[in-house]
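User: Could you take a close look at the salt bridges here for me? I'd love a connected walk through one part of that picture.

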Amino acid sequence: MDKDYSTLPISGMYESWFLDYASYVILERAVPAIEDGLKPVQRRILHAMKEMDDGRFNKVANVIGSTMQYHPHGDASIGDAIVNLGQKDLLIETQGNWGDIRTGDGAAAPRYIEARLSKFALDVVFNPKTTEWQQSYDGRKKEPVTLPIKFPLLLAQGVEGIAVGLSTKVLPHNFIELIDASIKVLQGKNFSLYPDFPTGGSIDVENYNGGKRGGKVKVRAKIEASDNKTLLIKEIPFGTTTQSLTESIVKANDAGKIKVKKITDNTAKDVEVEVQLASGQSPSVVIDALYAFTDCETSISPNACIIIDEKPHFLSVNEILEISTKKTVDLLELELKILKGELLEKILFSSLEKIFIENRIYRDIEECETWEAVIATIDKGLEPFKPQFYREITTDDIVRLTEIKIKRISKFDSFKADELMKRLTDELEQTEHHLNHLTDYAISYFKDLLEKYSKGRERKTVISTFDSIAITQVAANNVKLYVNAKDGFIGYGLKKDEFVCDCSDIDDIIVFRKDGKFVVTKISDKTFVGKGILHVEVHRKDDDRKVFNLIYLDGKTGVTRAKRFQILGITRDKEYDLTKGEKNSKVLYFTSNLNGEAELVGIYLSPSSKARNKVFEYDFSDLEIKGRGSQGNIVTKYPVKKIQLKKEGKSTLGAFNLYFDDATGRINKDSIGKELGEFQLEDQIICIYTDGNYEILPIDYNLKLESKKVALIEKFDTEKAISAVHFDGSTKSFYVKRFKVETSTIQKKFQFLTDHKNSKLILASTQGNLLVQIKYKEKSGAEKHDILDVISFVGIKGWKAIGNKLHHHKIIKLNPMSQS
């Protein structure tokens, strides 16, 4: 028997279905609504918890079941959403093992953990009188279209969702700052909002762009050096866990980018990941390397997309806050209007009740035989009083009067009734006052939220400006550079050839050839750079102290020329010519000078030349430093036999100013922070710390100091004495000491105070004339002042000496008066 098949056209069906599906995912799953900042599943969870609320904790498994009455979400997705809400620690109070966002540990099964609505949620999220309701998916229940939340919840919690062809990512912001910003909106003042993460750390918001598309923030872990061999990670970037962070460090170590000996995750109540450094590693350099090569620094790109009028919109966080604040004011106004109506009704019925009882109208109905007669009799009795009411008296009002029990009538107290009327009237006047001063009322509402719920919600993420890290300078040396000068190859795979230096596998290498050409290329296993290699080294771009000295023969004229030049901006793998580019040109002499040194060389001309003086000296210090493309100065027009170094040169570069940036803890040449003075490359820096240590430092732009612990930082002068006022914890007295640095080891801290835990440095100076104002209290209680000349008070002693005791009275305050 033949079957009858119907042909159905599918043209257009896919497009229609796909659009329906995309719209459903965007509106019903992934993207929050502007009204309450919640996704539908979150809204249903909170509504279900409110319906279940009796003040006690409920099993999460029960909450999941109750939520499924409003929409058939999967139980796993509801459970994940509840855990996510609970971990935000705002709307839900939790009990049991809810996991840990810091370590990545998951929550226990729903049957083992419990939840209830927080006091904050009960205060700001729910109000059935101002809620718009709709039928649930099966028509058996009613659920809120949106919840009447009187708080910028979306910005406080943050949200992330991926829909079809659309995504949203709103970062969490600080509770207190959001309320302060809402108050500023109401006051017409400007405000700024920046993310704040529960994991702490620090954040660079320079490119935040208000949370809109195209913006970006950088987030860093908080890393401290507990000693020269150990780093402690105390806070982690948002979006990472201690497990993922540890794995990224292991990966960077295996790749040779950093060198660590051991990593231990000691996280319990507080985050603590211990990183033990390999021998010879500088803590400050490794910290930078951790930021450069691991998840200790991450970038987050916000994308604030929300649903407004059932359509997705891309807004800034400021716009979202302004909309939320206006919505809160509208809800407060609606609540006040509802309250006003309720108060008017209470006043009206209380007045009716009093008239009904005091004027004994209830007795007039004793003779009535029908219900209609009862109603008419009461209405007639109320007639003289009707003008005083704010609305007409209805049959329903009269029916309510007939329902008053005899017991209440017999015990009616006119005085108490007047008191109730006065209380209701006062409340009505207050409500009308709030309605007439709605902005002030809203500001008061937000301030009340601050007072009740702000404790423990201070900012956790420090806003700072991150200094840029040159990854080539902080990467650990994980390969060895070799050169085959004859055949023209360089690389870390040429282990049978000449060793050049240790370097990183991300370094650039500069190669100079005998024909006067050079090229910069990225290091690899084996790279051909041209035969006749003269010199190879690691290239540091923008090194304005590196100077190359060159003498070359011009192939066309036979003239020998000398030049001094720097190599700053170049294109990788492009060949550059240091000569005039003529055929048969060649390099006769070449040096690379770290600090612009200019040596003295001897020039030996060919014996067959016609020059009278066949041997003479040439001083590179007579040459100006020019660009790499300059042709150079003429040394001789006669053939040169050889050139020899006569005398090592000194730097011809002028001194440079150094600065210390408190914000980043770095030394720089960019005029950022406190000026430290003029330096040459061989000079050193002395840093005195508040914990009573001093340290001699080289000029190293990769060093990072803890700014808060730096008491004094300046150019190191071995002849200058250090004056220090300190408190000795063992004797509980103040002392003054003066000493010169006797140690020579650099980058090692030396404790010049006693090692008692309460010992501390009060002030330190190298100034020649230091006066200290002392405020002290005598036994009689009188406060007095003295001025101490430190140089006259104490002589120079050893750096370990405790010094002279400052005062026998109780010292209240010490201030340096003049340093001249």
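Analyst: Happy to! A network of salt bridges links Asp123, Asp448 and Lys452 in this predicted model. Within that network, let's follow the pair Asp123 and Lys452, whose side chains meet in a salt bridge with an N to O distance of 2.8 Å. The pair links distant parts of the chain: Asp123 sits in helix H5 (residues 119-124), Lys452 belongs to helix H16 (residues 438-453), and the two are 329 residues apart. Is each partner buried or exposed? Asp123 counts as partly exposed because its relative accessibility is 28%, and Lys452 is also partly exposed, with a relative accessible area of 44%.

Two other pairs help set the scene. Arg391 forms a salt bridge with Glu345, and their closest N and O atoms are 2.8 Å apart. Arg391 lies in the loop between helix H12 (371-382) and helix H13 (395-402), while Glu345 lies in helix H10 (residues 317-358), so this pair ties together parts 46 residues apart in sequence. Arg391 is partly exposed at 24% relative accessible area, and Glu345 is partly exposed at 28%.

Asp544 and Lys669 form a salt bridge too, again with 2.8 Å between the closest N and O atoms. Here both partners come from loops: Asp544 from the one between strand S24 (533-539) and strand S25 (547-553), Lys669 from the one between strand S35 (666-668) and strand S36 (674-679), so parts 125 residues apart in sequence are tied together. Asp544 is partly exposed, at 38% relative accessibility, as is Lys669, at 29%.

For the wider view, the count of salt bridges comes to 40.

Definitions and conventions:
Residues are numbered from 1 along each chain as its sequence is written. This is a predicted model: local features need pLDDT of at least 70, side-chain atom pairs count only at pLDDT 80 or more; totals for chains, interfaces and linings use all residues. Side-chain values use heavy atoms; hydrogens and water are left out. A salt bridge is a side-chain nitrogen of Lys or Arg within 4 Å of a carboxyl oxygen of Asp or Glu. Helices (H or I, at least four residues) and strands (E, at least two) are DSSP runs, numbered from the N terminus. Buried means under 20% relative accessible area, exposed over 50%, partly exposed in between (1.4 Å probe, protein chains only).
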